[in-house]
Amino acid sequence: MTGDRLGADGYEALELVTGGRTLRFPAVWLRDNCPCAECVDPGSGQKFHDITDIPDELVITATEQTADLVEVTYAPGQHRSAFPRRWLAEHALEGYGDGDGRTEDDKELWLPAHLDHGPQASWPGYVAEPADRARALDAVLRWGFVLLHDVPAEPGMVLEVAASFGFARETNYGALFDVRVEPAPGNLAFTSRAILPHTDNPYRDPVPTVQLLHCLSTADDGGDTGLVDGFAAAAALRAGDAEAFDVLTGTAVPFGFIDKETELSASQPLIQLSPRGRIRGVRFNNRSTRPLRLPYAEVAAFYPAYRRWAQLLAQPERQLNLRLAAGDCLVFDNTRVLHARTAFSVTPGSPGSPGRHLQGCYADLDGLASTLAVLRRPGNHELMEES
């Protein structure tokens, strides 16, 4: 059960055969993750030791195992760790990937033709049933969005939706913002113009990772919402034009926003990769780009790739079109799903036509994932095979 012998002192790694697999764990990894009360606070689960407390030449001197437990003794120091076999199997090192659930490997990439109407839920059921809430939150992580119906069409309700899984992230637009036609708009979102697929706030670092849009009233004509799976589009670009993909993932693009009270800027690639090279985020908003200042050859290579990417995102077959009704609330991953809208009519002064009015706010994807993880804890409710 041990391997990689170091002279007469011991072994630098544990080899464990379980479930038909041979798993290997370095001694230092095991010692760093020792679960005993001497090493880990039982209340918080936080480690008492620092990595520098572990000896440089740590080796395994003895192992004992039962059907459920593996005990390891180390030198120097003769510390003993006891690991459940199941825990070691769940934390096998090989094939783990990036591990945080945020890359393409943990998503369901989609085209509208594969979705019908996409993941949806009823707000009353979402509030009353943990199973419904878990399925809705899981949809945001897996598919990138969920549409909640029957949220009361009252001002401020979007903040209650955000509070159901995390915390609203306040920005220069406030804790919540109104998306409607303004007489002197500081952002083209507050006009009746068509808006092409984009992500919000690319000029922020970090960018808001969850966006919510709650419909209070609709336009008489137009104002439909469109969604595009940016991860699916990026995967298609990689498959069809690897050179353009490499240019976009390797070029930091400057974004900016400025008004009387705010001046924001950030530079990030339009397609962001994990350390292992997997698609992890998209950032795209042509309205907010700033001049690219790189060597001439790099700028000349960037623009054809940029155009190719924009054309791919604008393909009609990639856009899921939704007409939000009063009471609909869209919750989506702003680092993956781009949103758009069609132009709409404005009829000022018409008492029977309040016009298109959405309220929005931002939240954080880690808060949503945390809420889902707590819902899925054993004993919280009886659902998890379904969700």
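Which residues lie nearest the centre of the second largest pocket? Keep that in mind for a moment, everyone, and have the structure open while I talk. One caution before the answer: this is a predicted model.

Here is the answer: L196, P197, F284, N286 and R287 lie nearest the centre of that pocket, and 17 residues line it. The space inside comes to about 360 Å³. If you like to think in terms of helices and strands, look for helix 8, residues 296-313. Helix 8 gives the most to this lining, with 5 residues. Strand 10 also supplies at least two. As for chemistry, the lining divides into 11 nonpolar, 3 polar and 3 charged residues.

Now let's step back and look at the whole protein. We have 387 residues, and 46% of them count as buried. They are arranged with 9 helices and 20 strands. Along its principal axes, the C-alpha trace spans about 85 × 60 × 40 Å. The protein exposes about 19,500 Å², and carbon and sulfur atoms supply 50% of that area. Here is a number I like: take the contacts between residues at least 6 apart in sequence, and 73% of them join residues at least 24 apart.

Back to the pockets, then. The largest pocket has a volume of about 460 Å³. It is lined by 29 residues, and nearest its centre you will find N187, A189, H198, D200 and R287. Did you spot R287? R287 was also on the list for the second largest pocket. Several strands give two or more residues to the lining of the largest pocket, among them strand 9 (177-179), strand 10 (195-198), strand 11 (210-217) and strand 20 (357-363). By class, this lining has 14 nonpolar, 10 polar and 5 charged residues.

Besides pockets, there are enclosed spaces. How many cavities of 30 Å³ or more does the structure hold? There are 2. The largest cavity holds about 60 Å³ of space. Of the 13 residues lining that cavity, C215, T218, G223, L324 and R356 are the closest to its centre. Its lining has 5 nonpolar, 5 polar and 3 charged residues. The second largest cavity has a volume of about 40 Å³. Its lining includes T199, D200, V207 and N334, and the residues there divide into 3 nonpolar, 4 polar and 2 charged.

Hold on to N334, please, since that name comes back with one particular proline. P208 sits in the loop between strand 10 and strand 11. Is P208 buried or exposed? P208 has a relative accessible area of 0%, and anything under 20% counts as buried, so P208 is buried. Setting aside neighbours within four places in sequence, P208 is in contact with R169, N201, N334, Y362 and A363. For a sense of distance, try finding P42 as well: the C-alpha atoms of P208 and P42 are separated by 33 Å, and the two residues are 166 apart along the chain.

Last topic: salt bridges. A search of the whole structure finds 15 of them, and I have picked a few to show you.

Start with D32 and K47, whose side chains meet with an N to O distance of 3.1 Å. D32 lies in helix 1 (residues 27-32), while K47 lies in the loop between helix 1 and strand 4 (59-65), 15 residues apart. The two partners differ in how covered they are: D32 is buried at 17% relative accessible area, whereas K47 is partly exposed at 40%.

Next, E71 and R80 form a salt bridge, with their closest N and O atoms 3.3 Å apart. E71 counts as partly exposed at 22% relative accessibility, and R80 is partly exposed at 46%.

Then there is a pair inside one helix. R135 and D132 both lie in helix 4 (residues 130-142), 3 residues apart, which is about one turn of the helix. Their side chains meet at 2.7 Å, N to O. R135 is partly exposed at 30% relative accessibility, and D132 is partly exposed at 26%.

Finally, which residues are linked in a network of salt bridges? They are E104, D105, R238 and R278. Try finding those four on your own screen.

Thanks for listening, and happy exploring!

Technical notes. Residues are numbered from 1 along each chain as its sequence is written. This is a predicted model: local features need pLDDT of at least 70, side-chain atom pairs count only at pLDDT 80 or more; totals for chains, interfaces and linings use all residues. Side-chain values use heavy atoms; hydrogens and water are left out. On a 1 Å grid over the protein atoms alone, a cavity is a set of points where a 1.4 Å probe fits but cannot get out, and a pocket is an open set with protein on both sides within 12 Å along at least five of seven lines; lining residues have an atom within 4 Å of a point. Grid points are joined across faces, edges and corners, and a volume is the space filled by probe spheres set on the points. Helices (H or I, at least four residues) and strands (E, at least two) are DSSP runs, numbered from the N terminus. Ala, Val, Leu, Ile, Met, Phe, Trp, Tyr, Cys and Pro count as nonpolar, Asp, Glu, Lys and Arg as charged, and the others, Gly among them, as polar. Buried means under 20% relative accessible area, exposed over 50%, partly exposed in between (1.4 Å probe, protein chains only). Contact means heavy atoms within 4.5 Å. A salt bridge is a side-chain nitrogen of Lys or Arg within 4 Å of a carboxyl oxygen of Asp or Glu. Accessible areas come from the Shrake-Rupley method with a 1.4 Å probe; for residues, only the protein chains shown count as cover.
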